[in-house]
Amino acid sequence: MKKFFLLTAFAVFGLANAQEGFKLGAHIGVPTTGNSDFTLGLDAAYRWNLAKGFDLGVATGYSHYIGKSYDYPGGSVKGDDFGFIPVAVSGKYSFNGAPIAVGLDLGYGISTNDNVNGGLYALPKFMYNMPVGELYVGYQSISGKYDRRYYDDHPGIGKETVGAVIVGFNFNLK
């Protein structure tokens with residue numbers, strides 16, 4: 001199933017590359033949850049202008065979370081790195097006469113690690129529009145279910161959210 005979503009995302013963005021409204025960029029951030037020190041990633045989106053100031057389209061990319069190291073007497077342990085590939089609907093509203101905008105990417109975050117589950121993906125963001133692209137600040141969140149067994153007789157079943165405050169820049173490619 002993960003391969004299907006990944007192939008679909010690449011097919012959509014492969015076709016969109018030659019069209020107007022394509023954005024490509026990168027981000028870096030500080031996780032607010034989980035066992036990660038920081039996150040970095042790539043962004044890709046294609047949006048169509050549906051009304052004055054309102055764009056709607058699709059978004060994908062890749063976010064990689066770098067695991068924390070924990071020191072204890074006699075050694076240290078490094079947490080696992082993990083990543084997500086979002087497949088999302090992307091909306092943007094630009095305010096009339098101002099270079100600022102708000103946006104929301106909403107969809108599914110596909111996990112690239114077997115030990116971490118995918119789930120609902122959301123990225124609300126504030127953007128500053130420039131002629132060459134958009135600078136943004138946002139909160140990236142992936143929430144899903146997990147089934148972890150810390151001990152054979154004590155399963156841990158519930159919900160888990162991975163989140164990060166991120167800063168990024170997307171270039172306009174026409």
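Which element gives the most to the lining of the second largest pocket? In this predicted model, local features need pLDDT of at least 70 and side-chain atom pairs count only at pLDDT 80 or more, while totals for chains, interfaces and linings use all residues. Residues are numbered from 1 along each chain as its sequence is written, and side-chain values use heavy atoms, with hydrogens and water left out.

The answer is strand E2, which supplies three residues; strands (E, at least two residues) are DSSP runs numbered from the N terminus. A pocket is an open set of points on a 1 Å grid over the protein atoms alone, with protein on both sides within 12 Å along at least five of seven lines, and lining residues have an atom within 4 Å of a point. The second largest pocket holds about 210 Å³ of space, a volume being the space filled by probe spheres set on the points. Gly21, Lys23, Arg47, Asp55 and Lys174 are the closest to its centre among 12 lining residues. Six residues of this lining are charged, three are polar and three nonpolar.

Strand E2 also carries Thr39, which is buried at a relative accessible area of 0% (buried means under 20%, exposed over 50%, with a 1.4 Å probe and protein chains only). The Thr39 side chain reaches the backbone oxygen of His64 at 2.9 Å. Beyond its neighbours within four places in sequence, Thr39 is in contact (heavy atoms within 4.5 Å) with residues including His27, Tyr65, Ala164 and Ile166. Ile166 in turn contacts Leu123, Tyr136 and Val137, among others outside its own four-place neighbourhood.

Ile166 reappears in the largest nonpolar core, where Tyr65, Phe82, Phe84, Tyr121, Ile142, Val162 and Ile166 touch the most other members of the 14. Such a core is a set of buried Ala, Val, Leu, Ile, Met, Phe, Trp, Tyr and Cys residues joined through side-chain atoms within 4.5 Å. Phe82 has its C-alpha atom 9.1 Å from that of Asp114, 32 residues away along the chain. Asp114 sits in the loop between strand E7 (100-111) and E8 and is exposed at 72% relative accessibility.

Two cavities of 30 Å³ or more are present, a cavity being a set of grid points where a 1.4 Å probe fits but cannot get out. The largest has about 140 Å³ of space, with Asp43, Ala59, Thr60, Asp105 and Leu123 the closest to its centre among 22 lining residues. The second largest has about 40 Å³, and Phe84, Ile142 and Val162 are among the residues that line it.

Methods. Helix = DSSP H or I, 4+ residues; strand = E, 2+ residues; numbered from the N terminus. Nonpolar A, V, L, I, M, F, W, Y, C, P; charged D, E, K, R; others polar. Polar contact = N/O pair within 3.5 Å; in protein donor to acceptor, adjacent residues only side chain to side chain.
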